[in-house]
Amino acid sequence: MKDINWCRQNIEPLLDGFEVKYKVFADGDFGDLERIDFNSKEIGGSVRLWSSGVLEIDLVDYISGESLMNILLWPEEDSEKEQKLKELVEQLASRRTRKCSR
């Protein structure tokens with residue numbers, strides 16, 4: 001399972017121009033929670049990593065109001081977790097590329 005350090009290494013570098021906050025909470029709905037929130041003027045979201053193995057990903061386009069990702073995956077869905085985290089990284093990277101090419 002990915003952890004907050006994976007987020008720091010693989011997601012945070014794509015968040016230039018974003019406000020980034022890391023939070024840790026004990027004893028939540030699915031155990032302890034490590035959370036990264038990221039927001040810019042255009043998009044924002046969060047990755048929530050629960051000690052039970054549950055993964056939540058949200059990504060919203062603030063300009064269109066469109067929900068780009070709204071994912072909840074259970075501990076046994078490891079291959080899906082890998083795929084959805086890859087999709088999040090791709091979404092962030094593509095928006096970064098578009099912003100740089102303007």
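Here is a quick tour of the protein chain shown above, from its overall layout down to a few single residues. Keep in mind that this is a predicted model. The chain comes to 2 helices and 5 strands, and 21 residues make up its largest nonpolar core. After the big picture, we'll stop at Asp27, Leu33, Ile4, Pro75 and Glu42.

**Overall layout**

- Start at the N terminus and walk along the chain: the elements run α-β-β-β-β-β-α. That pattern holds 2 helices and 5 strands.
- How does the radius of gyration compare with that of a compact globule? A compact globule of 102 residues would come out near 13 Å, and this chain has 13 Å, so the two agree.
- If you draw a box around the C-alpha atoms along the principal axes, you get roughly 45 × 25 × 25 Å.
- Contacts across the sequence matter for the picture too: take the contacts with a separation of 6 or more, and 29% of them join residues 24 or more positions apart.

**Surface and charge**

- Of the chain's 102 residues, 35% count as buried.
- The accessible surface comes to about 6,100 Å², and carbon and sulfur atoms own 46% of it.
- Count up the charged side chains and you find 15 positive and 21 negative ones. The centres of these two sets lie 8 Å apart.

**The nonpolar core**

- Which members of the largest nonpolar core touch the most other members? They are Ile11, Phe38, Val47, Leu88 and Leu92, out of 21 residues.
- Both ends of the chain's layout chip in: helix 1 (4-10) and helix 2 (78-100) each supply at least two residues of this core. Strand 2 (31-39), strand 3 (43-50), strand 4 (55-61) and strand 5 (67-73) each do so as well.
- Val47 makes a good example of how the core is knitted together. Setting aside residues up to four places away in sequence, Val47 touches Cys7, Ile11, Glu34, Arg35, Ile36, Phe38, Leu55, Glu56, Leu85 and Leu88. Among these are Ile11, Phe38 and Leu88, which also appear with Val47 in the list of core members that touch the most others.

**Two buried residues: Leu33 and Ile4**

- Leu33 sits in strand 2. Its relative accessible area is 7%, so it counts as buried, the cut-off being under 20%.
- Who are the contacts of Leu33 beyond four places in sequence? They are Lys23, Val24, Phe25, Arg48, Leu49 and Trp50.
- Ile4 belongs to helix 1, and with a relative accessible area of 12% it is buried too.
- Again leaving out residues up to four places away in sequence, Ile4 touches Tyr22, Glu34, Arg35, Ile36 and Leu49.
- Leu33 and Ile4 are 29 residues apart along the chain, with 9.8 Å between their C-alpha atoms.
- Ile4 and Leu85 are 81 residues apart along the chain, and their C-alpha atoms are separated by 13 Å.

**An unusual backbone angle: Asp27**

- Most residues other than glycine have a negative phi. Asp27 has a phi near 55°, which is positive even though this residue isn't a glycine.
- Where does Asp27 lie? You'll find it in strand 1 (residues 19-28).
- Is Asp27 buried or exposed? Its relative accessibility is 69%, so Asp27 counts as exposed, the cut-off being over 50%.

**Two loop residues: Pro75 and Glu42**

- Pro75 is in the loop between strand 5 and helix 2. With 31% relative accessibility, Pro75 counts as partly exposed.
- Ignoring its neighbours within four places in sequence, Pro75 is in contact with Ser52, Gly53, Val54 and Lys81.
- Pro75 and Asp3 are 72 residues apart along the chain, and 13 Å separates their C-alpha atoms.
- Glu42 lies in another loop, the one between strand 2 and strand 3. Its relative accessibility is 27%, which makes Glu42 partly exposed.
- From Glu42 to Ile57 is 15 residues in sequence and 17 Å in space, C-alpha to C-alpha.

Technical notes:
Residues numbered from 1 in each chain as written. Predicted model: local features only at pLDDT ≥ 70, side-chain atom pairs only at ≥ 80, totals over all residues. Heavy atoms only, no water. Core = buried A, V, L, I, M, F, W, Y, C linked by side-chain atoms within 4.5 Å. Buried < 20%, exposed > 50% of the residue type's maximum accessible area, 1.4 Å probe, protein only. Helix = DSSP H or I, 4+ residues; strand = E, 2+ residues; numbered from the N terminus. Contact = heavy atoms within 4.5 Å. Rg over C-alpha atoms; globule rule 2.2 N^0.38 Å. Areas by Shrake-Rupley, 256 points an atom, 1.4 Å probe, with all protein chains shown as cover. Lys, Arg positive; Asp, Glu negative; His and termini not counted. Charge placed at Lys NZ, Arg CZ, Asp CG, Glu CD.
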